[in-house]
Amino acid sequence: MRTQLVLTCLVFLCLVLDGVAGGAAKVPRNNFYKSTSCPNAEQLIRDITWRKAKNDATLGAKLLRVHYHDCFVRGCDASILLDKVGTVDSEKEARPNLSLGGFDVIDDIKRQVEAKCPGIVSCADILALSARDAVSFPFKTSMWEVETGRKDGNVSLASDVNGNLPSPFSDFATLKQIFANKGLNVDDLVALSGAHTIGVSHCGAFSRRLFNFTGKGDMDPTLNATYAESLKKLCPNPANPNTTVEMDPLSSTSFDSNYFNILIKQNKGLFQSDAALLNDTKSVIVIKKLQKDKTFFVEFARSMQKMGAIQLLTGNAGEIRKNCRVRN
(Lines give C-alpha, C1' and ligand atoms only; values in the text may rest on other atoms or scores of the structure.)
Protein backbone atom coordinates (compact mmCIF):
# COMPACT_ATOMS: atom_id res chain seq x y z
CA MET A 1 0.00 0.00 0.00
CA ARG A 2 1.37 3.40 -1.00
CA THR A 3 0.52 5.40 2.08
CA GLN A 4 1.03 9.13 1.55
CA LEU A 5 2.37 9.76 4.99
CA VAL A 6 4.33 12.77 6.17
CA LEU A 7 6.78 11.41 8.67
CA THR A 8 8.27 13.15 11.63
CA CYS A 9 11.79 11.81 11.36
CA LEU A 10 13.84 11.23 14.45
CA VAL A 11 16.85 13.51 14.58
CA PHE A 12 19.88 12.27 16.46
CA LEU A 13 22.29 14.50 18.30
CA CYS A 14 25.43 14.67 16.18
CA LEU A 15 29.05 14.44 17.16
CA VAL A 16 31.68 16.08 15.01
CA LEU A 17 34.37 13.47 14.74
CA ASP A 18 37.89 13.66 13.38
CA GLY A 19 38.95 10.31 11.96
CA VAL A 20 37.12 6.99 11.92
CA ALA A 21 33.87 6.68 13.83
CA GLY A 22 33.39 3.17 15.22
CA GLY A 23 30.13 1.28 15.50
CA ALA A 24 26.95 3.25 14.96
CA ALA A 25 28.52 6.61 15.76
CA LYS A 26 26.81 9.80 14.54
CA VAL A 27 27.51 11.64 11.33
CA PRO A 28 28.72 15.25 11.73
CA ARG A 29 25.31 16.93 11.45
CA ASN A 30 22.12 17.44 9.50
CA ASN A 31 22.37 19.62 6.38
CA PHE A 32 26.16 19.46 6.51
CA TYR A 33 26.51 21.04 3.07
CA LYS A 34 24.50 24.17 3.90
CA SER A 35 27.61 25.65 5.49
CA THR A 36 29.80 24.78 2.48
CA SER A 37 30.09 26.22 -1.02
CA CYS A 38 27.42 23.71 -2.09
CA PRO A 39 24.45 24.65 0.13
CA ASN A 40 21.86 23.14 -2.22
CA ALA A 41 23.58 19.75 -2.58
CA GLU A 42 20.83 17.72 -0.94
CA GLN A 43 18.09 19.37 -2.97
CA LEU A 44 20.08 18.79 -6.17
CA ILE A 45 20.58 15.12 -5.37
CA ARG A 46 16.91 14.69 -4.54
CA ASP A 47 15.77 16.38 -7.76
CA ILE A 48 18.03 14.19 -9.92
CA THR A 49 17.05 11.02 -8.07
CA TRP A 50 13.34 11.76 -8.28
CA ARG A 51 13.56 12.39 -12.02
CA LYS A 52 15.20 9.01 -12.45
CA ALA A 53 12.81 7.24 -10.05
CA LYS A 54 9.87 8.57 -12.05
CA ASN A 55 10.98 6.37 -14.94
CA ASP A 56 12.26 3.41 -12.90
CA ALA A 57 10.02 1.95 -10.20
CA THR A 58 12.85 -0.38 -9.15
CA LEU A 59 15.37 2.35 -8.40
CA GLY A 60 14.57 2.52 -4.68
CA ALA A 61 15.25 -1.18 -4.22
CA LYS A 62 18.47 -0.99 -6.23
CA LEU A 63 20.02 1.95 -4.41
CA LEU A 64 18.83 0.84 -0.99
CA ARG A 65 20.54 -2.51 -1.51
CA VAL A 66 23.80 -0.85 -2.61
CA HIS A 67 23.67 1.38 0.47
CA TYR A 68 23.19 -1.68 2.73
CA HIS A 69 26.00 -3.59 1.11
CA ASP A 70 28.27 -0.57 1.44
CA CYS A 71 27.63 0.12 5.12
CA PHE A 72 28.05 -3.47 6.31
CA VAL A 73 31.55 -3.72 4.80
CA ARG A 74 34.08 -1.15 6.04
CA GLY A 75 31.25 1.19 7.01
CA CYS A 76 29.32 3.75 4.94
CA ASP A 77 32.32 4.96 2.95
CA ALA A 78 31.25 4.25 -0.66
CA SER A 79 33.84 1.48 -0.90
CA ILE A 80 31.20 -0.57 -2.75
CA LEU A 81 31.42 1.93 -5.62
CA LEU A 82 35.15 1.49 -6.29
CA ASP A 83 36.21 -0.55 -9.32
CA LYS A 84 38.95 -3.17 -9.02
CA VAL A 85 42.54 -2.08 -9.30
CA GLY A 86 44.80 -4.40 -11.30
CA THR A 87 44.22 -8.00 -10.28
CA VAL A 88 42.82 -7.21 -6.84
CA ASP A 89 39.04 -7.60 -6.79
CA SER A 90 37.01 -4.85 -5.17
CA GLU A 91 33.81 -5.34 -3.18
CA LYS A 92 31.84 -5.19 -6.44
CA GLU A 93 33.41 -8.46 -7.55
CA ALA A 94 32.39 -10.38 -4.42
CA ARG A 95 29.66 -12.90 -5.21
CA PRO A 96 26.92 -11.30 -3.06
CA ASN A 97 27.45 -8.02 -4.92
CA LEU A 98 27.44 -9.27 -8.50
CA SER A 99 23.71 -8.64 -8.86
CA LEU A 100 23.78 -5.08 -7.51
CA GLY A 101 22.46 -2.35 -9.78
CA GLY A 102 22.20 1.41 -9.89
CA PHE A 103 25.91 2.24 -10.15
CA ASP A 104 25.25 4.18 -13.36
CA VAL A 105 22.72 6.31 -11.49
CA ILE A 106 25.24 7.18 -8.79
CA ASP A 107 27.78 8.03 -11.50
CA ASP A 108 25.35 10.40 -13.18
CA ILE A 109 24.37 12.11 -9.94
CA LYS A 110 28.04 12.55 -9.07
CA ARG A 111 28.79 14.08 -12.47
CA GLN A 112 26.00 16.61 -12.12
CA VAL A 113 26.93 17.49 -8.55
CA GLU A 114 30.61 17.87 -9.49
CA ALA A 115 29.65 20.20 -12.34
CA LYS A 116 28.04 22.58 -9.85
CA CYS A 117 30.17 21.94 -6.75
CA PRO A 118 33.52 20.32 -7.57
CA GLY A 119 35.25 18.48 -4.75
CA ILE A 120 32.61 19.17 -2.09
CA VAL A 121 30.10 16.32 -1.90
CA SER A 122 31.27 12.78 -1.11
CA CYS A 123 30.15 9.67 -2.96
CA ALA A 124 29.23 8.15 0.41
CA ASP A 125 26.75 10.96 1.04
CA ILE A 126 25.41 10.79 -2.51
CA LEU A 127 24.74 7.07 -2.05
CA ALA A 128 23.03 7.55 1.32
CA LEU A 129 20.91 10.46 0.10
CA SER A 130 19.92 8.96 -3.25
CA ALA A 131 18.93 5.64 -1.63
CA ARG A 132 16.62 7.57 0.73
CA ASP A 133 15.29 9.77 -2.05
CA ALA A 134 14.58 6.90 -4.46
CA VAL A 135 12.57 5.03 -1.82
CA SER A 136 10.82 8.28 -0.85
CA PHE A 137 9.77 9.28 -4.36
CA PRO A 138 6.26 7.71 -4.30
CA PHE A 139 5.53 9.49 -1.01
CA LYS A 140 6.86 12.90 -2.12
CA THR A 141 8.50 13.39 1.27
CA SER A 142 11.72 12.19 2.87
CA MET A 143 11.07 8.87 4.58
CA TRP A 144 14.05 9.21 6.92
CA GLU A 145 16.62 11.78 7.91
CA VAL A 146 20.10 11.45 6.40
CA GLU A 147 22.85 13.16 8.33
CA THR A 148 25.74 14.14 6.09
CA GLY A 149 29.45 14.83 6.21
CA ARG A 150 30.83 11.37 5.36
CA LYS A 151 34.14 11.00 3.56
CA ASP A 152 34.93 8.38 0.93
CA GLY A 153 37.16 5.42 1.69
CA ASN A 154 40.27 4.40 -0.24
CA VAL A 155 40.07 0.63 0.24
CA SER A 156 37.68 -1.86 -1.38
CA LEU A 157 38.43 -5.59 -1.16
CA ALA A 158 36.20 -8.47 -2.17
CA SER A 159 37.79 -10.48 0.63
CA ASP A 160 36.19 -8.16 3.22
CA VAL A 161 32.63 -9.05 2.21
CA ASN A 162 32.21 -12.57 3.59
CA GLY A 163 31.48 -12.50 7.31
CA ASN A 164 30.42 -8.86 7.27
CA LEU A 165 27.46 -8.91 4.92
CA PRO A 166 24.26 -10.68 6.03
CA SER A 167 23.44 -13.65 3.81
CA PRO A 168 20.02 -14.86 2.61
CA PHE A 169 21.08 -18.27 3.97
CA SER A 170 21.87 -17.05 7.51
CA ASP A 171 20.17 -18.39 10.62
CA PHE A 172 18.97 -16.03 13.35
CA ALA A 173 22.04 -16.36 15.58
CA THR A 174 24.31 -15.41 12.68
CA LEU A 175 22.15 -12.46 11.66
CA LYS A 176 21.99 -11.19 15.23
CA GLN A 177 25.77 -11.40 15.61
CA ILE A 178 26.51 -9.64 12.31
CA PHE A 179 24.16 -6.81 13.22
CA ALA A 180 25.57 -6.59 16.75
CA ASN A 181 29.05 -6.27 15.27
CA LYS A 182 27.82 -3.12 13.53
CA GLY A 183 26.19 -1.65 16.63
CA LEU A 184 22.69 -2.72 15.58
CA ASN A 185 20.20 -4.68 17.68
CA VAL A 186 17.30 -7.07 17.04
CA ASP A 187 14.89 -4.17 16.50
CA ASP A 188 17.18 -2.90 13.75
CA LEU A 189 17.60 -6.37 12.27
CA VAL A 190 13.86 -6.83 11.89
CA ALA A 191 13.11 -3.29 10.74
CA LEU A 192 15.86 -3.31 8.12
CA SER A 193 14.75 -6.74 6.90
CA GLY A 194 11.58 -4.90 5.94
CA ALA A 195 13.51 -3.53 2.98
CA HIS A 196 12.64 -6.87 1.37
CA THR A 197 9.23 -5.35 0.73
CA ILE A 198 10.71 -3.92 -2.48
CA GLY A 199 12.91 -5.47 -5.13
CA VAL A 200 13.61 -8.86 -6.63
CA SER A 201 15.98 -11.79 -6.11
CA HIS A 202 17.69 -14.30 -8.35
CA CYS A 203 16.65 -17.93 -7.88
CA GLY A 204 19.99 -19.01 -6.46
CA ALA A 205 19.39 -17.06 -3.27
CA PHE A 206 16.53 -19.35 -2.23
CA SER A 207 16.43 -22.42 -4.54
CA ARG A 208 17.94 -24.65 -1.86
CA ARG A 209 14.77 -24.12 0.20
CA LEU A 210 12.78 -25.52 -2.71
CA PHE A 211 14.80 -28.52 -3.83
CA ASN A 212 17.51 -29.59 -1.39
CA PHE A 213 17.04 -27.97 1.99
CA THR A 214 18.79 -30.62 4.11
CA GLY A 215 20.74 -32.26 1.29
CA LYS A 216 18.14 -34.98 0.77
CA GLY A 217 16.17 -33.46 -2.09
CA ASP A 218 13.61 -31.99 0.30
CA MET A 219 11.86 -28.66 0.70
CA ASP A 220 12.08 -26.30 3.66
CA PRO A 221 9.03 -27.25 5.76
CA THR A 222 8.74 -23.73 7.16
CA LEU A 223 8.01 -22.30 3.71
CA ASN A 224 4.36 -21.95 2.67
CA ALA A 225 3.75 -25.03 0.47
CA THR A 226 1.56 -23.26 -2.10
CA TYR A 227 4.05 -20.41 -2.34
CA ALA A 228 6.88 -22.91 -2.73
CA GLU A 229 5.13 -24.60 -5.66
CA SER A 230 4.68 -21.27 -7.42
CA LEU A 231 8.37 -20.52 -6.86
CA LYS A 232 9.34 -23.88 -8.34
CA LYS A 233 7.53 -22.98 -11.54
CA LEU A 234 9.41 -19.70 -11.76
CA CYS A 235 12.71 -21.23 -10.71
CA PRO A 236 12.95 -24.87 -11.85
CA ASN A 237 16.04 -26.87 -10.97
CA PRO A 238 18.40 -25.84 -12.49
CA ALA A 239 17.07 -22.31 -12.86
CA ASN A 240 17.86 -19.72 -15.46
CA PRO A 241 20.47 -17.50 -13.77
CA ASN A 242 18.79 -14.44 -15.27
CA THR A 243 15.37 -15.16 -13.76
CA THR A 244 14.25 -12.88 -10.94
CA VAL A 245 11.42 -13.23 -8.43
CA GLU A 246 9.64 -10.60 -6.35
CA MET A 247 10.78 -10.64 -2.73
CA ASP A 248 7.36 -9.40 -1.64
CA PRO A 249 4.83 -11.15 -3.91
CA LEU A 250 2.57 -8.73 -5.82
CA SER A 251 3.93 -5.79 -3.84
CA SER A 252 7.58 -5.56 -4.86
CA THR A 253 7.47 -1.92 -6.00
CA SER A 254 5.46 -0.65 -3.02
CA PHE A 255 7.36 0.34 0.10
CA ASP A 256 5.00 -0.83 2.82
CA SER A 257 4.58 -3.27 5.72
CA ASN A 258 3.28 -6.13 3.57
CA TYR A 259 6.57 -8.04 4.02
CA PHE A 260 5.82 -8.51 7.73
CA ASN A 261 2.22 -9.54 7.12
CA ILE A 262 3.04 -12.30 4.65
CA LEU A 263 6.01 -13.40 6.76
CA ILE A 264 4.16 -13.97 10.01
CA LYS A 265 0.67 -14.80 8.71
CA GLN A 266 1.52 -16.85 5.62
CA ASN A 267 5.15 -18.04 5.99
CA LYS A 268 6.02 -16.39 2.68
CA GLY A 269 9.42 -15.03 3.58
CA LEU A 270 11.46 -15.73 0.44
CA PHE A 271 14.85 -16.25 2.07
CA GLN A 272 16.02 -18.54 4.81
CA SER A 273 17.09 -15.37 6.62
CA ASP A 274 13.50 -14.09 6.44
CA ALA A 275 12.11 -17.28 7.95
CA ALA A 276 14.83 -17.14 10.61
CA LEU A 277 13.23 -14.01 12.05
CA LEU A 278 10.35 -16.20 13.22
CA ASN A 279 12.70 -18.32 15.35
CA ASP A 280 13.31 -15.72 18.03
CA THR A 281 10.72 -14.53 20.56
CA LYS A 282 11.83 -10.89 20.59
CA SER A 283 12.05 -10.81 16.81
CA VAL A 284 8.47 -12.07 16.50
CA ILE A 285 7.28 -9.33 18.88
CA VAL A 286 8.93 -6.73 16.65
CA ILE A 287 7.47 -8.28 13.48
CA LYS A 288 3.97 -8.05 14.93
CA LYS A 289 4.54 -4.41 15.82
CA LEU A 290 5.73 -3.57 12.31
CA GLN A 291 2.68 -4.97 10.53
CA LYS A 292 1.25 -1.45 10.39
CA ASP A 293 2.71 0.94 7.82
CA LYS A 294 2.96 3.90 10.18
CA THR A 295 4.94 1.97 12.79
CA PHE A 296 7.15 0.32 10.18
CA PHE A 297 8.02 3.66 8.60
CA VAL A 298 9.03 5.20 11.93
CA GLU A 299 11.11 2.21 13.02
CA PHE A 300 12.71 1.78 9.60
CA ALA A 301 13.69 5.47 9.66
CA ARG A 302 15.28 5.04 13.07
CA SER A 303 17.26 1.97 12.00
CA MET A 304 18.35 3.52 8.70
CA GLN A 305 19.85 6.44 10.58
CA LYS A 306 21.78 4.04 12.78
CA MET A 307 22.95 1.94 9.85
CA GLY A 308 23.94 5.06 7.93
CA ALA A 309 26.35 5.97 10.73
CA ILE A 310 28.38 2.74 10.79
CA GLN A 311 32.18 3.19 10.87
CA LEU A 312 32.24 6.62 9.30
CA LEU A 313 35.19 8.41 7.83
CA THR A 314 34.94 12.08 8.78
CA GLY A 315 37.15 15.08 9.32
CA ASN A 316 40.66 14.43 8.02
CA ALA A 317 40.05 10.74 7.29
CA GLY A 318 39.12 9.63 3.79
CA GLU A 319 38.65 11.89 0.80
CA ILE A 320 36.03 13.41 -1.52
CA ARG A 321 36.35 11.37 -4.71
CA LYS A 322 36.06 13.17 -8.03
CA ASN A 323 34.82 9.94 -9.62
CA CYS A 324 32.99 7.46 -7.41
CA ARG A 325 34.58 4.50 -9.19
CA VAL A 326 38.22 5.44 -8.56
CA ARG A 327 40.33 6.92 -5.81
CA ASN A 328 41.73 10.39 -6.39
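Which two residues form a disulfide with their sulfur atoms 2.0 Å apart? One such pair is C71 and C76, where a disulfide is a pair of cysteine sulfur atoms within 2.5 Å. Keep in mind that this is a predicted model: local features need pLDDT of at least 70, side-chain atom pairs count only at pLDDT 80 or more, and totals for chains, interfaces and linings use all residues. Residues are numbered from 1 along each chain as its sequence is written, and side-chain values use heavy atoms, leaving out hydrogens and water.

**Disulfides**
- Searching the whole structure turns up four disulfides, and with the bonded cysteines numbered in sequence order the pairing runs 1-4, 2-3, 5-8, 6-7.
- The C71 and C76 bond is right-handed because its S-S torsion is about 120 degrees.
- Both C71 and C76 are buried, meaning under 20% relative accessible area with a 1.4 Å probe, protein chains only.
- C123 and C324 pair up with sulfurs 2.1 Å apart; C123 lies in helix α4 and C324 in the segment after β4 (313–314), so the pair ties together parts 201 residues apart in sequence.
- C203 and C235 make a left-handed link, with -65 degrees about the S-S bond, and both are buried.

**Nonpolar cores**
- The largest nonpolar core has 78 residues, and L64, L81, W144, F255, F300 and M307 touch the most other members; a core is a set of buried Ala, Val, Leu, Ile, Met, Phe, Trp, Tyr and Cys joined through side-chain atoms within 4.5 Å.
- Helix α4 (residues 123–136) supplies the largest share of this core, nine residues.
- Another core, apart from that one, has 13 residues, including A205 and F271.

Methods. Buried < 20%, exposed > 50% of the residue type's maximum accessible area, 1.4 Å probe, protein only. Helix = DSSP H or I, 4+ residues; strand = E, 2+ residues; numbered from the N terminus.
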